[in-house]
Amino acid sequence: MTQRDPSADLLIADCPVCRKKVLAEVHGEVVEPPDDEIGREDPCRVLLVACTICGTAMVLASDYLHGPNEWESPENVWPNGAPMLDAPYRVGRAFQEAYRCFHQANAYAATATMARRTLELVCKDQGATGGTLARMVEWLQQNNKIEGRLLDWATALRFVGNDGAHGDTVNRQDAEDALAFTEALLEHIYVLTVQYEKFSERRQKAADRKAARKAAAKAPVPAPQPAVGD
């Protein structure tokens with residue numbers, strides 16, 4: 001077994017194998033710059049670490065705190081982090097925080113509150129108006145962003161989130177359901193809807209090309225023109 005370098009950087013991480021907070025040794029670091037396209041306003045520090053007890057590899061991330069080399073406490077993003085969805089940066093971060101509240105802290109009221117916060121950020125990202133979260137959810141439905149069961153789930157998220165934000169008891173099952181509803185909502189809006197739109201666009205282009213070929217085949221062939229001097 002390779003001996004650990006005593007001068008190596010160490011930090012606290014949640015080891016998925018040891019199932020507790022452990023010292024982890026840093027083996028690599030990348031600082032991702034701000035990215036306006038995805039809405040990341042500050043740099044993000046990504047670390048590859050290993051548990052000093054069992055050797056399990058983990059990936060942690062932390063945001064910049066606007067100070068000289070000051071970063072937030074690193075948080076697990078792999079292997080026991082939240083599912084990575086192709087959502088705007090702020091939306092994804094809120095969902096990841098809800099996920100950590102549930103899976104790493106057993107904080108069920110906080111899970112519900114952050115699930116509600118994620119829903120609010122989704123509404124704002126989609127351009128919803130109305131002033132209150134209830135009216136913004138209605139806007140999503142009226143503008144065909146969500147429908148049917150997803151509307152019911154968004155409403156349930158709002159109610160459970162209100163319980164968490166106002167100090168009411170949120171049990172484990174309600175928090176787990178709120179997390180699942182949030183993930184389903186993000187999957188629908190940012191993954192499946194986009195995928196379907198691309199599919200429909202490809203199908204339409206293929207149909208247009210087929211129609212153009214048929215029209216060209218049916219077009220009358222012009223009669224040959226007599227040569228000059230005939």
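Start by selecting strand β4, residues 57-63: five of its seven residues are buried, so the strand is mostly covered (buried means under 20% relative accessible area, exposed over 50% and partly exposed in between, with a 1.4 Å probe and protein chains only). Helices (H or I, at least four residues) and strands (E, at least two) are DSSP runs, numbered from the N terminus.

A word about what is on your screen. This is a predicted model, in which local features need pLDDT of at least 70 and side-chain atom pairs count only at pLDDT 80 or more, while totals for chains, interfaces and linings use all residues. Residues are numbered from 1 along each chain as its sequence is written, and side-chain values use heavy atoms, with hydrogens and water left out.

**Stop 1: the neighbours of β4**

Add strand β3, residues 44-51, to your selection. It runs antiparallel to β4, and seven bridges join the two (strands pair if DSSP finds at least two bridges between them). To see one match, click on Leu 48, which stands opposite Val 59 in β4. Now follow the chain through the turn: β3 and β4 form a hairpin with five residues between them, and Gly 55 in that turn has a positive phi of about 85 degrees.

On to strand β5, residues 75-78, which pairs with β4 in the antiparallel sense over three bridges. Here Ala 61 has Glu 75 of β5 as its bridge partner.

**Stop 2: two loop residues**

Is Ile 53 buried or exposed? Find this residue in the loop between β3 and β4. Ile 53 counts as exposed because its relative accessibility is 53%. Leaving aside residues up to four places away in sequence, Ile 53 touches Cys 18, Lys 20 and Val 22 (contact means heavy atoms within 4.5 Å). Try a distance label between the C-alpha atoms of Ile 53 and Leu 23: they are 30 residues apart along the chain and separated by 7.8 Å.

Next, pick Tyr 64 in the loop between β4 and β5. With a relative accessible area of 26%, Tyr 64 is partly exposed. Its C-alpha atom is 5.7 Å from that of Pro 43, a residue 21 places away along the chain.

**Stop 3: the rest of the sheet**

Select strand β2, residues 20-32, together with strand β1, residues 10-15; six bridges join this antiparallel pair. Two matches to look for: Ala 13 stands opposite Val 22 in β2, and Asp 14 stands opposite Lys 21 in β2. The β1 and β2 hairpin has four residues between the strands, and Arg 19 takes a positive phi near 55 degrees there.

From β2, step across to β3: this pair is antiparallel too, over eight bridges. Glu 29 has Leu 47 in β3 as its bridge partner.

Now show the strands together. They form an open sheet of five, in the order β1-β2-β3-β4-β5, with antiparallel pairing. The edge strands are β1 and β5, each of which pairs on one side only. From one strand to the next, the twist averages 50 degrees. In a regular strand the side chains alternate between the two faces of the sheet.

**Stop 4: a helix across the sheet**

Turn on helix α1, residues 89-103. This helix lies across β3, β4 and β5, and runs at about 105 degrees to β5 (axes are lines fitted to C-alpha atoms, for helices over the stretch in contact, and angles run from 0 to 180 degrees between N-to-C directions).

**Stop 5: helices that pack together**

Select helix α2, residues 108-125, and helix α4, residues 148-165: they pack at an angle of about 130 degrees, with their axes 7 Å apart. That makes α2 oblique to α4 (under 35 degrees counts as roughly parallel, over 145 as roughly antiparallel, 65 to 115 as roughly perpendicular and the rest as oblique). Among the residues that meet are Ala 109, Ala 112 and Leu 119 in α2, with Leu 157, Val 160 and Gly 161 in α4.

Finish with helix α3, residues 133-142, whose axis comes within 10 Å of that of α2, crossing at roughly 55 degrees. The two helices are therefore oblique to each other. Residues of this contact include Cys 123 in α2 and Met 136 in α3.

Your last click is Asn 144, in the loop between α3 and α4. Asn 144 has a positive phi near 60 degrees, in a residue other than glycine, and counts as exposed at 66% relative accessibility.
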